[in-house]
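Me: Hey, could you walk me through this one? I'm new to reading structures, so plain words please.

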Amino acid sequence: MLRPLGMLEKMYPARQVLGVYNSVVITATYTVPSKLENGLLYNMFCASIVGLLHRHPSLCCYVEGEHTLKPTFRRLKTIQVKDVVQIVGLQQRHSLAQKLQELHDLEWPAGPNPLWKLVVMREQPHGSINSTLHIALVYHHVIGDGLSGVAFHRSLLHEISSIGKDTHHLQQAPETVDTPSSTSLLEPIEKLISLPVGWLFLIRQVVQEYAPQWLVGTSSPFWAGMPTKPLSECPLRSRLRLVSIQADELQLLLRESKRHKVTLTSLLTAAIVFALAVKLPGASRFLGITPYTLRRVTGTAMDEMVNQSTIFETDYPAEMLDCIRKTSNATEHAKSLWTAAAYFYAQMQDELTKCPRDNLVGLLAYVSDYVKFYEKKIGRTREATFEVSNVGVFRTSEESLPGNWTLKDMTFTQGAQPIGTAFTVNCVSVQGGPLTMAIAWQDSVIDEDIVDAVSHEFAYLPHLLQQGGPSQEAGR
């Protein structure tokens with residue numbers, strides 16, 4: 001045994017047991033020479049595995065006892081290469097979202113098997129001297145958060161680059177690879193830092209979770225799509241929509257965000273709230289969730305593969321939504337966006353200032369049975385309207401890329417969440433390149449026209465901030 005799972009890590013096997021959450025996927029897209037054969041490409045990835053296993057110990061483990069109250073991490077002595085490296089064809093770029101949907105809906109096999117794999121999707125345009133590689137890292141959330149996927153891709157790039165152009169020495173890929181016998185994992189969050197929970201914060205969360213509305217006189221309920229249902233009625237079926245903002249447009253968004261003293265995540269969150277307020281005129285509140293890392297307080301480096309994430313909730317009240325609905329032109333539209341962005345930013349800063357005190361992860365100390373904890377959510381209102389997760393910028397340089405490889409973009413995705421938020425938005429960008437937002441949802445939870453409205457608002461942002469014409473606002 002490597003060690004028992006920590007209180008945050010126990011969440012993910014429990015969700016896997018119930019079939020309500022499978023994986024995180026971070027995909028890096030490269031242009032490579034068409035003459036690079038798939039056999040050689042496969043051998044390059046396989047040759048990289050040994051270095052990756054030494055660099056990231058969480059790639060060497062599996063979870064035993066996921067159905068029990070005390071699951072543990074155990075080391076895989078060997079890894080079957082065919083289980084972690086696959087190369088498949090992809091017809092064209094717009095097929096990527098469909099392929100990612102399929103990957104998110106795949107369940108992890110039981111027993112001692114890796115909790116990650118590389119799926120390399122290759123576009124080969126007829127007659128072109130270049131082809132496109134979409135290198136997708138599919139991994140179980142128990143071994144890494146979103147930043148972990150970015151760290152993996154950085155390590156993979158290093159390993160492939162170290163092979164260089166001298167590929168003639170590459171041997172045929174072995175069937176198995178041994179993991180380091182010295183494998184050890186970082187300690188769980190609660191062993192690294194204290195997570196104090198005050199009585200007032202604890203009571204507020206208990207009341208919010210269990211007390212009926214008529215008893216406590218809470219504000220009007222927030223909109224969150226259809227209530228959760230048993231998987232027999234609402235099986236996991238992921239839908240994905242990818243929206244890109246090109247490099248020059250992204251720089252505009254960053255400059256304007258800085259000028260208004262907010263972050264890009266604040267602006268993107270405001271765009272979601274605006275789109276929903278206009279699209280759903282009967283909704284009186286929205287509740288947003290924003291994951292963020294605890295690495296700055298645990299002292300864990302950003303290039304480690306580990307799950308040290310937590311979440312922050314933001315309530316968007318009726319007064320804000322009413323103001324949004326009264327906008328009638330592009331100027332008012334932009335003003336309402338910056339107001340919502342500043343509102344989010346101020347609350348997020350308050351959260352970061354007090355962290356790790358009164359943190360939602362600290363409440364997990366009071367959960368004894370995680371499977372039952374999630375089972376109780378079935379049939380109830382969802383935990384929030386939406387989630388926005390931004391892992392930031394993937395930075396690289398020409399020197400760090402293999403010869404004749406060009407990094408085009410990255411994509412960060414999650415699958416549908418049958419008992420989670422109504423939809424999720426995951427964001428990542430590459431240095432000097434585009435920003436990609438991935439919207440994930442399930443048809444039995446929300447209608448696709450809501451996704452259309454959010455997608456439109458994202459795509460319209462650069463035009464709006466340039467004041468370049470009349471608004472076609474979010475499906476009005």
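Reply: Sure, we can go through ring pairs, a cavity, a helix and some backbone oddities, keeping in mind that this is a predicted model.

Me: Cool. How many aromatic pairs are there in the whole structure?

Reply: A search of the whole structure turns up 7 aromatic pairs. Take Trp 116 and Phe 152: their ring centres are 6.0 Å apart and their planes meet at 55°, so this pair is tilted.

Me: Which parts of the chain do Trp 116 and Phe 152 sit in?

Reply: Trp 116 is in strand 7 (residues 116-123) and Phe 152 is in helix 5 (residues 146-163), so the pair ties together parts that are 36 residues apart in sequence.

Me: And are those two buried or exposed?

Reply: Trp 116 and Phe 152 are both buried. Another pair is Tyr 316 with Tyr 343, where the centres are 5.8 Å apart and the planes are at 55°, so that pair is tilted. It links distant parts of the chain, with Tyr 316 in strand 12 (residues 309-316) and Tyr 343 in helix 13 (residues 330-354), 27 residues apart.

Me: Is Tyr 316 buried or exposed? What about Tyr 343?

Reply: Tyr 316 counts as buried because its relative accessibility is 1%, and the cut-off for buried is under 20%. Tyr 343 has 25%, so it counts as partly exposed. Ring pairs also join Tyr 316, Tyr 343, Phe 386 and Phe 423 into a cluster.

Me: New topic. Which rings have a charge sitting over them?

Reply: Tyr 21 is one of them: the charged end of Arg 15 sits over its ring, 4.4 Å from the centre. Lys 354 lies over the face of Phe 201, at 5.6 Å from the ring centre.

Me: Arg 15, which helix is that in?

Reply: Arg 15 belongs to helix 1, where it is one of the buried residues along with Met 11, Tyr 12, Pro 13, Ala 14 and Leu 18. With 6 of its 8 residues buried, helix 1 is largely enclosed by the rest of the structure. Its buried residues pack against strand 3, strand 12 and helix 14 (370-375).

Me: What happens just after helix 1?

Reply: Gly 19 comes just after helix 1, with a positive phi of about 75°. A bit further on, Asn 22 lies in the loop between helix 1 (11-18) and strand 2 (24-33). Asn 22 counts as buried at 4% relative accessibility. A polar atom of its side chain lies 3.5 Å from the backbone oxygen of Leu 106.

Me: Any empty space inside? How many cavities of 30 Å³ or more are there?

Reply: The count is 2 cavities of that size. The largest cavity holds about 100 Å³ of space, and its lining includes Pro 13, Gln 16, Tyr 62, Trp 108 and His 140. Helix 1 and strand 3 (61-64) are the elements that give two or more residues to that lining.

Me: Last bit: what about the backbone oddities?

Reply: Most residues other than glycine have a negative phi, and most peptide bonds are trans. Here, a cis peptide bond joins Cys 355 and Pro 356, with omega at about 10°. Pro 356 is in the loop between helix 13 and helix 14. Asp 358 is in the loop between helix 13 and helix 14 too, and its phi is positive, about 50°.

Me: And which other residue has a positive phi without being glycine?

Reply: Lys 261, with phi near 60°. Lys 261 is exposed, with a relative accessible area of 68%, whereas Asp 358 is buried, at 14%.

Notes
Residues are numbered from 1 along each chain as its sequence is written. This is a predicted model: local features need pLDDT of at least 70, side-chain atom pairs count only at pLDDT 80 or more; totals for chains, interfaces and linings use all residues. Side-chain values use heavy atoms; hydrogens and water are left out. Rings of Phe, Tyr and Trp (its six-membered ring) pair if their centres lie within 6.5 Å; planes under 30 degrees apart count as stacked, over 60 as edge-to-face and the rest as tilted. Helices (H or I, at least four residues) and strands (E, at least two) are DSSP runs, numbered from the N terminus. Buried means under 20% relative accessible area, exposed over 50%, partly exposed in between (1.4 Å probe, protein chains only). A charge sits over a ring if NZ of Lys or CZ of Arg is within 6 Å of the ring centre and within 35 degrees of the ring normal. A polar contact is a pair of N or O atoms within 3.5 Å; within protein, one must be able to donate a hydrogen and the other to accept it, and residues adjacent in sequence count only if both atoms are side-chain atoms. On a 1 Å grid over the protein atoms alone, a cavity is a set of points where a 1.4 Å probe fits but cannot get out, and a pocket is an open set with protein on both sides within 12 Å along at least five of seven lines; lining residues have an atom within 4 Å of a point. Grid points are joined across faces, edges and corners, and a volume is the space filled by probe spheres set on the points. Contact means heavy atoms within 4.5 Å.
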